[in-house]
Amino acid sequence: FLVPDSPYRKVFFALMSGTAGTAIDLLPALIAGIILTGENPLVMIGWLLTLVVMDFMLSTFGLLLEALLPASALDVAKSVLQMMLRFFMILVITVLMAVGFLIGGVSAAVLMTTAGGLIIGGLCFLAYPSMLHGGIA
């Protein structure tokens, strides 16, 4: 709150540090997957992008839920509600992946999943910083 910058930039860079950490953690496993399966590296880059976008989406969704849920609620109840809603978000991504796979195969599934995750994560991201400085969070 004391950093003299816009709340959107502060939240964006805080989220990107976690997302970059996720990308760094996933990279060795995907490289090993390329070597072991002989898969096209572009497909693996698509999967890396999809997984990183899913991390971004779930992180922004978690921030938004944390801001919306009252601080006086029990921590266990808040955790259970957050997990249920995050599983719902994963279900949405799974449906997008299935529809994309039926439409155009693996590449369409990866593109639809990435686009859906970016849209949902972007909407959650746009809502949270205004609540942060507006006094709601």
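**Entry 1: the core**

I started with the inside of this predicted model. The largest nonpolar core holds 17 residues, and Met 57 and Met 89 have the most contacts inside it. I then asked which helices supply this core with at least two residues each. The answer is α1 (7-37), α2 (41-68), α3 (75-104) and α4 (106-134). The helix that gives the most is α2, with eight residues. A handy background note for my margin: nonpolar side chains in soluble globular proteins tend to be buried together.

**Entry 2: around Met 57**

Next I looked up what Met 57 is in contact with, leaving aside its neighbours within four places in sequence. I found Met 89, Ile 93, Gly 117, Ile 120 and Gly 121. I was pleased to meet Met 89 again, since it is named with Met 57 for having the most contacts inside the core.

**Entry 3: Thr 113**

I moved on to Thr 113, which is found in helix α4. Is Thr 113 buried or exposed? Its relative accessible area is 1%, so I wrote it down as buried. Not counting residues up to four places away in sequence, Thr 113 touches Thr 50, Ile 93, Leu 96 and Met 97. Ile 93 was already in my notes as a contact of Met 57.

**Entry 4: the whole chain**

I stepped back to see the protein chain as a whole. I counted four helices and zero strands. Reading along the sequence gave me the pattern α-α-α-α. The C-alpha trace spans about 50 × 30 × 25 Å along its principal axes.

How much of the chain is buried? Of the 137 residues, 33% are buried. I also looked at contacts with a separation of 6 or more, and residues 24 or more positions apart account for 68% of them.

**Entry 5: the surface**

Now for the outside. The protein chain exposes about 8,300 Å², and carbon and sulfur atoms supply 78% of that. I picked out one nonpolar surface patch of about 480 Å². The residues that make this patch are Phe 88, Leu 91, Val 95, Val 99 and Ile 103.

I chose Phe 88 for a further look and found it in helix α3. Phe 88 counts as partly exposed because its relative accessibility is 48%, and the exposed class begins over 50%.

**Entry 6: aromatic rings**

My last search was for aromatic pairs, and the whole structure has three. One of them joins Tyr 8 and Phe 125 edge-to-face, at 6.1 Å centre to centre and with 70 degrees between the planes. Why does this pair tie together parts that are far along the sequence from each other, 117 residues apart? Tyr 8 lies in helix α1 and Phe 125 in helix α4, so the pair links those parts.

I checked how covered these two residues are. Tyr 8 is partly exposed, with a relative accessible area of 33%, whereas Phe 125 is buried, with 13%.

Phe 12 and Phe 13 form another edge-to-face pair, with 5.3 Å centre to centre and 75 degrees between the planes. At 33% relative accessibility, Phe 12 is partly exposed. Phe 13 is partly exposed too, with a relative accessible area of 49%.

To finish the page, I asked which residues the ring pairs link into a cluster. They are Tyr 8, Phe 12, Phe 13 and Phe 125.

Key: Residues numbered from 1 in each chain as written. Predicted model: local features only at pLDDT ≥ 70, side-chain atom pairs only at ≥ 80, totals over all residues. Heavy atoms only, no water. Core = buried A, V, L, I, M, F, W, Y, C linked by side-chain atoms within 4.5 Å. Buried < 20%, exposed > 50% of the residue type's maximum accessible area, 1.4 Å probe, protein only. Contact = heavy atoms within 4.5 Å. Patch = residues over 30% accessible without salt bridge, like charges linked within 9 Å, V, L, I, M, F, W, Y side chains within 5 Å. Areas by Shrake-Rupley, 256 points an atom, 1.4 Å probe, with all protein chains shown as cover. Salt bridge = Lys/Arg side-chain N within 4 Å of Asp/Glu carboxyl O. Phe/Tyr/Trp six-rings, centres within 6.5 Å; stacked < 30°, edge-to-face > 60°.
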